[in-house]
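Here is a set of short exercises with worked solutions. Have the sequence and the 3D view ready, and try each task before reading on.

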Protein chains: 2
Amino acid sequence: MAKPRSEIPSATVSRLALYLRELQQIERSGSANVRSGWLAERLGLKDSQVRRDLSCLGQVGQRGVGYRVQDLVSAIQNVLGTDRSWNVILVGVGNLGRALSGYRGFDQLGFRLVAAFDSDPNKVGTKVGALQVQDLDHLERFAQTQRVDLAILAVPANAASAVASRLQSSGIAGILNFAPVVIPSNSAITVQPVDLALELQRLAFSVVQRHGIAHLGEIAIRTEDSLEEVD
Amino acid sequence: MAKPRSEIPSATVSRLALYLRELQQIERSGSANVRSGWLAERLGLKDSQVRRDLSCLGQVGQRGVGYRVQDLVSAIQNVLGTDRSWNVILVGVGNLGRALSGYRGFDQLGFRLVAAFDSDPNKVGTKVGALQVQDLDHLERFAQTQRVDLAILAVPANAASAVASRLQSSGIAGILNFAPVVIPSNSAITVQPVDLALELQRLAFSVVQRHGIAHLGEIAIRTEDSLEEVD
DNA sequence: TAGATTGTTAATCGATTAACAATC
DNA sequence: TAGATTGTTAATCGATTAACAATC
């Protein structure tokens, strides 16, 4: 029953969130049980990996039978912290910020957007979803009067560091950082970086790696020192 | 001179993109050289890791001196495939799609948005940046007449799989998938998933792990089976 | 040459996998 | 009991790190 939460490997944590997503879908489809092999197939993993990951939740399956979907869902939610609700603020109401605020799925995971801030006077006062954008200057005051757990940082790169340190001193526990800038994590504040350009680069790399470059039409061709050595 | 491109570990690939970002900043600031220790400090890594990563580019540094910034930039761009240009289409022009289309930084990495598609008649014909949104039905025709390398998939979850298989048969090499659904990668098509809800969950988890739950104000308290076992 | 920093080795650490005993 | 599937072990694989020889 003692959940060894602090021992869960980070690779497992990421997959637990994927399992959760899949399990909730299964739940809606009416099945009460799953087998590790079935989850594995759906997610492109090995069944032994699924079992190993799920064993981090404790003894949650039944040998010879499988796992009860509901049990898994609540166990994973408990471990990930999504059985609680999190108050989240949005800082930076540009294209990306606006998109994130409307992102379905945050809400059902327990993340509640409680305020949105921007420093642009043209944006202050406008609506983002049900919220009115506040001036960034009001950030600290807001954080004093309301509990704020997390911040989504979606400001331009050049503003990110300054805003991040303000967030830090206002007592927020974590930042989801979309700015292409390294915000240092420390014991007071946890930072989870998301770099969209980097994801596109990763994709481009794996395409080059698999298909070679020649595949890509009239793109600058340098087959002589790139394609041939691939074995 | 032979670049062992296919041997680069995936963890290194991700960091190479980070180095590139940092190096381009350094380049703008006028420095011609960097040391591994300096890059390491900026990115929160160990210097030995930086050197090991960069050694995947070949012999690119000078002992006793450091690395020439320009050399690194072009070597990394070459390896990542961003010294070429990539034709990218956007499928799904919702909030997220619109935000991504305006994302500064894609362009300077060589990713050119050449078309945008949506199945919603209300969106078809509207502008997204300089592009006019096309009907999703025109996808295949477009792919036949123009070279398309990559697709950004930003449609709702329930539409994602169907659109993905159309993309696949239209000969596109890679998909950056923002839909919370698993799209299988195979040798014909590479898929890079980006799950924004998952990133927020990861953040929540590491906050719980570091601070414990009690830190979070009046949130449902279950210290008895969660906080105490943390050593 | 003396000082500095890379490139690389060997050791450590962590994550994945196959296999199978435990048990429903 | 027979069949099935978990939970867990041990082996493998990959990534990180410290240390240092090579060399600018």
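**Exercise 1.** Find D47(A) and R51(A) in helix 3 of chain A and work out how far apart they are in helical turns.

*Solution.* Step 1: D47(A) and R51(A) are four residues apart in helix 3 of chain A, so about one helical turn separates them. Helices (H or I, at least four residues) and strands (E, at least two) are DSSP runs, numbered from the N terminus.
Step 2: their side chains form a salt bridge, with 3.5 Å from N to O. A salt bridge is a side-chain nitrogen of Lys or Arg within 4 Å of a carboxyl oxygen of Asp or Glu.
Step 3: D47(A) is partly exposed at 35% relative accessible area, and R51(A) is partly exposed at 38%. Buried means under 20% relative accessible area, exposed over 50%, and partly exposed in between (1.4 Å probe, protein chains only).

A note on the model: it is predicted, so local features need pLDDT of at least 70 and side-chain atom pairs count only at pLDDT 80 or more, while totals for chains, interfaces and linings use all residues. Residues are numbered from 1 along each chain as its sequence is written, chains are lettered from A and ligands numbered from 1 in the order in which they are written, and side-chain values use heavy atoms, with hydrogens and water left out.

**Exercise 2.** Look at two further salt bridges, D149(A) with R147(A) and R166(B) with E140(B). Are D149(A) and R147(A) buried or exposed?

*Solution.* Step 1: the side chains of D149(A) and R147(A) meet at 2.5 Å, N to O, and both residues are buried.
Step 2: R166(B) and E140(B) meet at 2.9 Å, N to O. R166(B) belongs to helix 7 (residues 157-169) of chain B and E140(B) to helix 6 (residues 139-145) of chain B, so this pair ties together parts 26 residues apart in sequence.
Step 3: R166(B) is partly exposed, with 25% relative accessible area, and E140(B) is partly exposed as well, with 27%.
Step 4: over all chains, the whole structure has 18 salt bridges.

**Exercise 3.** Describe the protein surface near DNA strand C. Which residues come nearest?

*Solution.* Step 1: 24 residues surround DNA strand C, and R15(A), R35(B), S36(B), R52(B) and G61(B) come nearest. Sugar and phosphate account for 62% of the strand's atoms that come within 4 Å of the protein. Here, a residue is near a strand if one of its heavy atoms lies within 4 Å of it.
Step 2: now look for polar contacts (pairs of N or O atoms within 3.5 Å). A side-chain N or O atom of R15(A) is 2.8 Å from a phosphate oxygen of DNA strand C. For R51(B), a side-chain N or O atom is 3.0 Å from a base oxygen. In V60(B), a polar backbone atom is 3.3 Å from a phosphate oxygen.
Step 3: helix 3 of chain A gives the largest share of this surface, four residues.
Step 4: sort the residues by class: four are nonpolar, eleven polar and nine charged. Ala, Val, Leu, Ile, Met, Phe, Trp, Tyr, Cys and Pro count as nonpolar, Asp, Glu, Lys and Arg as charged, and the others, Gly among them, as polar.

**Exercise 4.** Do the same for DNA strand D. Which helix gives the largest share of the surface near DNA strand D?

*Solution.* Step 1: of the 24 residues around DNA strand D, R35(A), S36(A), R52(A), G61(A) and R15(B) come nearest. Sugar and phosphate make up 61% of the atoms of DNA strand D within 4 Å of the protein.
Step 2: phosphate oxygens of DNA strand D lie 3.3 Å from a polar backbone atom of V60(A) and 2.7 Å from a polar backbone atom of G61(A). A polar side-chain atom of Q62(B) is 3.3 Å from a sugar or linking oxygen.
Step 3: helix 3 of chain B gives the largest share, four residues.

**Exercise 5.** Place C56(B) in its chain.

*Solution.* Step 1: C56(B) sits in the loop between helix 3 and strand 2 of chain B.
Step 2: C56(B) counts as buried because its relative accessible area is 17%.
Step 3: A75(B) is 19 residues away along the chain, and the two C-alpha atoms are 9.9 Å apart.

Note on methods. A polar contact is a pair of N or O atoms within 3.5 Å; within protein, one must be able to donate a hydrogen and the other to accept it, and residues adjacent in sequence count only if both atoms are side-chain atoms.
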